[in-house]
Amino acid sequence: MVTHHSTDPENYIGLRGDNLDKDKQYQINCGLPRYGEIVLKALTQSPKIRDGIQITELNLCHRQKIFQLKNPKPQSPQNTVRAAAGTALHMYAQRRIKNPDPTRYDVELLVEHEDWIFGTIDLYDKENDVVVDIKTKLVDNERWEIKPFSSHEQQLKDLMALKKSRNGVLIYLLIGCSNNPTVEFNYEMNEYELQLQLKNLEKRAASFFNAKKQSNPALAEYVFFNKSLNWLCHRTDKKTGKGIFCPYYWDCFTMIKQEKDREGDEESISDDDLADGSNHDMEEPS
Ligand code: SF4
């Protein structure tokens with residue numbers, strides 16, 4: 001007999017009777033723990049990181065990350081699985097990279113700035129001084145316009161600045177794309193641009209570090225008005241048509257409104273300020 005149990009309470013399909021507590025109902029039916037929930041919990045555990053700031057922490061919305069540290073809320077099971085799938089694919093790709101030639105390449109090269117900002121370069125070409133960052137992308141629509149995500153570009157440029165390398169390559173391993181298994185984008189920065197990038201990285205890291213230390217989301221940078229990232233705040237699921245909100249949406253909305261009121265900003269904010277993110281490609285958190 002095959003039975004179906006969803007970790008999403010909305011979609012839970014019980015085996016018998018709707019008026020029983022769902023956990024009791026499950027226990028009665030099979031006497032086993034909910035393994036799906038155990039797996040989801042394991043997926044949401046944060047990896048242990050070194051003291052200081054990892055540049056991967058500076059991805060996407062800082063405020064959401066501080067909210068999450070201060071007041072952890074479960075993400076939707078769909079988001080959890082999606083995030084874990086992205087991370088797992090990236091880790092898989094990293095593990096599979098064998099050093100083609102240790103005299104020429106470094107794999108998983110640690111870089112740091114003044115012992116408090118850290119990063120890891122997937123592949124570093126010592127001969128040509130090129131930083132290579134590898135990303136994975138699940139392609140569920142082959143007509144997806146293959147373009148780099150802004151946060152991935154930022155991360156690569158941060159790594160180039162940390163390594164003081166003028167050249168960098170962003171490689172996407174495309175999963176589910178029959179035409180091209182990989183696509184790559186080349187970047188070049190001059191000395192001045194590298195210095196600017198490092199200064200900007202220091203600024204972002206210091207602001208994130210301060211918000212984290214004080215456990216205060218109001219001090220963190222946010223993406224509410226950033227048209228390429230505000231799908232994190234609210235988007236419409238393409239398949240179900242349901243609205244998917246950041247778990248801290250209303251807290252953040254109130255916070256921004258208060259900030260605007262304090263500043264006497266004539267431009268008031270409303271929910272309409274947000275573009276519907278349904279047409280944006282979502283960036284995977286690798
Ligand atoms: S609502 Fe948007 S800006 Fe605010 S915390 Fe969430 S993702 Fe960040």
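1. The expected span of a helix is 1.5 Å times one less than its number of residues. In this model, which is predicted, helix α5 has 14 residues and should therefore span 20 Å, and its end C-alpha atoms do lie 20 Å apart, which agrees with the expectation. Helix α7, with 15 residues, can be checked in the same manner, for the distance from its first C-alpha to its last is 21 Å, close to the 21 Å expected at 1.5 Å a residue.

2. As an overview, the secondary structure of the protein comes to seven helices and eight strands, and buried residues make up 22% of its 286 residues. If one takes the contacts between residues at least 6 apart in sequence, 64% of them join residues that are at least 24 apart.

3. A good place to begin reading the strands is β3, which covers residues 117-125 and is largely enclosed by the rest of the structure, because seven of its nine residues are buried. Its pairing with strand β1 (residues 53-54) is in the parallel sense and runs over two bridges, with Gln54 having Phe118 of β3 as its bridge partner.

4. Strand β2 (residues 105-113) is joined to β3 by eight bridges, and these two strands run antiparallel; one of the bridge partnerships is that of Tyr105 with Asp125 in β3. The two strands form a hairpin with three residues between them, and in that turn Glu114 has a positive phi of about 50°.

5. On following the chain onward, the reader meets strand β4 (residues 130-138), which pairs with β3 in the antiparallel sense over three bridges. Leu123 stands opposite Val132 of β4, while Asp125 stands opposite Val130 of β4. Here too there is a hairpin, this one with four residues between β3 and β4, and Asp129 in its turn has a positive phi of about 55°.

6. Strand β4 deserves a point of its own, since it is mostly covered, with eight of its nine residues buried. It is joined by nine bridges to strand β5 (residues 167-175), and β4 and β5 run parallel. Val130, already named as the residue opposite Asp125, also stands opposite Asn167 in β5.

7. Returning to helix α5, one may ask which of its residues are buried. They are Ser151, Gln155, Leu156, Lys157, Asp158, Leu159, Met160, Ala161 and Leu162, and the buried residues of this helix pack against the strands β2, β3, β4, β5 and β6 (182-188) as well as against helix α6. Just after α5, Lys164 takes a positive phi of about 55°, and in a similar position just after α7, Gly264 takes a positive phi of about 65°.

8. The largest nonpolar core has 37 residues, and those with the most contacts inside it are Val131, Leu159, Val223 and Leu232. The elements that give two or more residues to this core are α3, β3, β4, α5 (150-163) and α6 (191-213). If residues up to four places away in sequence are left aside, Val223 touches Cys61, Leu229, Asn230, Leu232 and Cys233.

9. The ligand is surrounded by 13 residues, of which the closest are Cys61, Tyr222, Cys233, Cys246 and Cys252. How many residues of this shell are nonpolar, polar and charged? The shell divides into 11 nonpolar residues, one polar and one charged. Helices α3 (62-70) and α7 (249-263) each supply at least two residues of the shell, and α3 gives the most, with three. Two of the closest residues to the ligand, Cys61 and Cys233, are also among those that Val223 touches.

10. A last point concerns Arg204, which lies in helix α6. Is this residue buried, exposed or partly exposed? A residue counts as buried if 20 or more other C-beta atoms lie within 10 Å of its own and as exposed if 12 or fewer do; Arg204 has 19 such atoms within 10 Å, so it is partly exposed. Its C-alpha atom is separated by 7.3 Å from that of Leu58, although Arg204 and Leu58 are 146 residues apart along the chain.

Key. Residues are numbered from 1 along each chain as its sequence is written. This is a predicted model: local features need pLDDT of at least 70, side-chain atom pairs count only at pLDDT 80 or more; totals for chains, interfaces and linings use all residues. A residue is near a molecule or strand if its C-beta atom, placed from the backbone, lies within 6 Å of it. Ala, Val, Leu, Ile, Met, Phe, Trp, Tyr, Cys and Pro count as nonpolar, Asp, Glu, Lys and Arg as charged, and the others, Gly among them, as polar. Two strands pair if DSSP finds at least two bridges between them. A nonpolar core is a set of buried Ala, Val, Leu, Ile, Met, Phe, Trp, Tyr and Cys residues joined through C-beta atoms within 7 Å. Two residues are in contact if their C-beta atoms, placed from the backbone, lie within 7 Å.
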